[in-house]
Amino acid sequence: RNMSLLLSLLLHALVGAAVLKAFQQLVTVEDRGEIDRRMRLVREYDECWEDDVEECSEIMRKGSKSFFLASWLLPEWVRGPALAMYSFCRKADDDIDDGDKAGQAQRLARLEKRLENAYLGRAADNCVDRSFSAVVR
């Protein structure tokens with residue numbers, strides 16, 4: 001039981017640190033030119049950006065109604081990246097929690113690999129990983 005709690009805390013710390021770092025870099029920008037430059041990069045990194053964010057939005061609408069509704073209060077240029085990052089966190093949490101305790105360490109290792117690949121631009125071919133990778137790079 002203690003190992004399960006420790007793995008869960010480690011998961012949340014890993015994902016949380018990645019999300020906070022990326023979100024801080026994105027949100028602390030005040031210059032509109034810099035915002036446009038960063039959003040061009042996001043679209044370059046994820047050629048399906050608009051479609052992927054739409055799918056992430058749908059995931060959040062169904063699975064996290066509070067966040068989905070609150071996301072509408074964000075500026076448009078922050079909303080898409082926030083949806084991408086939160087969708088990744090939601091999927092990561094579901095992936096770790098789903099299954100038995102015996103497989104939890106393997107699931108955590110898979111998450112660590114997903115994070116590594118996202119930062120290296122080698123995201124899995126799905127809307128959540130592609131959009132997350134585009135934001136954190």
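# Close-up views of an all-helix model

**View 1. Val-136 sits in helix 7, the stretch that runs through residues 127–136.** Keep in mind for this and every other view that the model is predicted. Val-136 has a relative accessibility of 6%, so the residue counts as buried, the cut-off being under 20%. Look for Ala-84 as a partner from another part of the chain: Val-136 and Ala-84 are 52 residues apart in sequence, yet their C-alpha atoms are 9.9 Å apart in space.

**View 2. Zooming out, the whole protein has 7 helices and 0 strands.** Follow the chain along its sequence and the pattern reads α-α-α-α-α-α-α. Of the 137 residues in the protein, 39% are buried. Contacts also reach well along the chain: take those between residues at least 6 apart in sequence, and 62% of them join residues at least 24 apart.

**View 3. Here helix 3 (residues 49–63) packs against helix 7 at an angle of about 115°.** The axes of helix 3 and helix 7 are 9 Å apart, and their crossing is left-handed. On the helix 3 side, the contact is made by Trp-49, Asp-52, Glu-55, Cys-56 and Ile-59. Helix 7 answers with Cys-127, Val-128, Arg-130, Ser-131, Ala-134 and Val-135. Sorted by class, this contact has 7 nonpolar, 1 polar and 3 charged residues.

**View 4. Helix 2 (residues 32–45) is shown with its buried and exposed faces.** First, the length check: with 14 residues at 1.5 Å a residue, helix 2 should span 20 Å, and its end C-alpha atoms are indeed 20 Å apart, so the two agree. Which residues of helix 2 are buried? They are Ile-35, Met-39 and Val-42. These buried residues cover an arc of only 50° around the axis, which means that they sit on the same side of helix 2. The spacing helps make sense of that: an α-helix has 3.6 residues a turn, so residues three or four places apart point the same way. Turn to the face away from the buried side and you find the exposed residues Arg-40 and Glu-44. What covers the buried residues of helix 2 includes helix 3, helix 5 (76–97) and helix 7.

**View 5. This one follows helix 5 and picks out Arg-90, which lies in it.** The 22 residues of helix 5 should span 32 Å at 1.5 Å a residue, and its end C-alpha atoms are 32 Å apart, so the numbers agree. Is Arg-90 buried, partly exposed or exposed? Its relative accessible area is 29%, so Arg-90 is partly exposed, falling between the 20% and 50% cut-offs. Setting aside neighbours within four places in sequence, Arg-90 is in contact with Met-60, Gly-63 and Ser-64. Of these, Gly-63 is 27 residues from Arg-90 in sequence and 8.6 Å from it in space, C-alpha to C-alpha. Just after helix 5 comes Gly-99, with a positive phi of about 115°.

**View 6. Arg-114 takes centre stage here, a residue of helix 6 (residues 104–119).** Despite being an arginine, Arg-114 counts as buried, because its relative accessible area is 16% and the cut-off is under 20%. What does Arg-114 touch, not counting residues up to four places away in sequence? Its contacts are Phe-88, Lys-91, Ala-92, Asp-95, Val-128 and Asp-129. For a sense of distance, Arg-114 and Ala-92 are 22 residues apart in sequence, with their C-alpha atoms 9.2 Å apart.

**View 7. Last up is helix 6 as a whole, with its buried residues picked out.** Besides Arg-114, the buried residues of helix 6 include Gln-104, Arg-107, Leu-108 and Leu-111. Further along, Leu-115, Asn-117 and Ala-118 are buried too. The length holds up: at 1.5 Å a residue, the 16 residues should span 22 Å, and the end C-alpha atoms of helix 6 are 23 Å apart, which agrees. Helix 6 is followed by Gly-121, whose phi is positive, near 80°.

Notes: Residues numbered from 1 in each chain as written. Predicted model: local features only at pLDDT ≥ 70, side-chain atom pairs only at ≥ 80, totals over all residues. Heavy atoms only, no water. Helix = DSSP H or I, 4+ residues; strand = E, 2+ residues; numbered from the N terminus. Buried < 20%, exposed > 50% of the residue type's maximum accessible area, 1.4 Å probe, protein only. Axes fitted to C-alpha atoms, helices over the stretch in contact; angles between N-to-C directions. Left-handed = near helix turned anticlockwise from the far one by under 90°. Contact = heavy atoms within 4.5 Å. Nonpolar A, V, L, I, M, F, W, Y, C, P; charged D, E, K, R; others polar. Expected span 1.5 Å × (residues − 1). Arc of directions from axis to C-beta.
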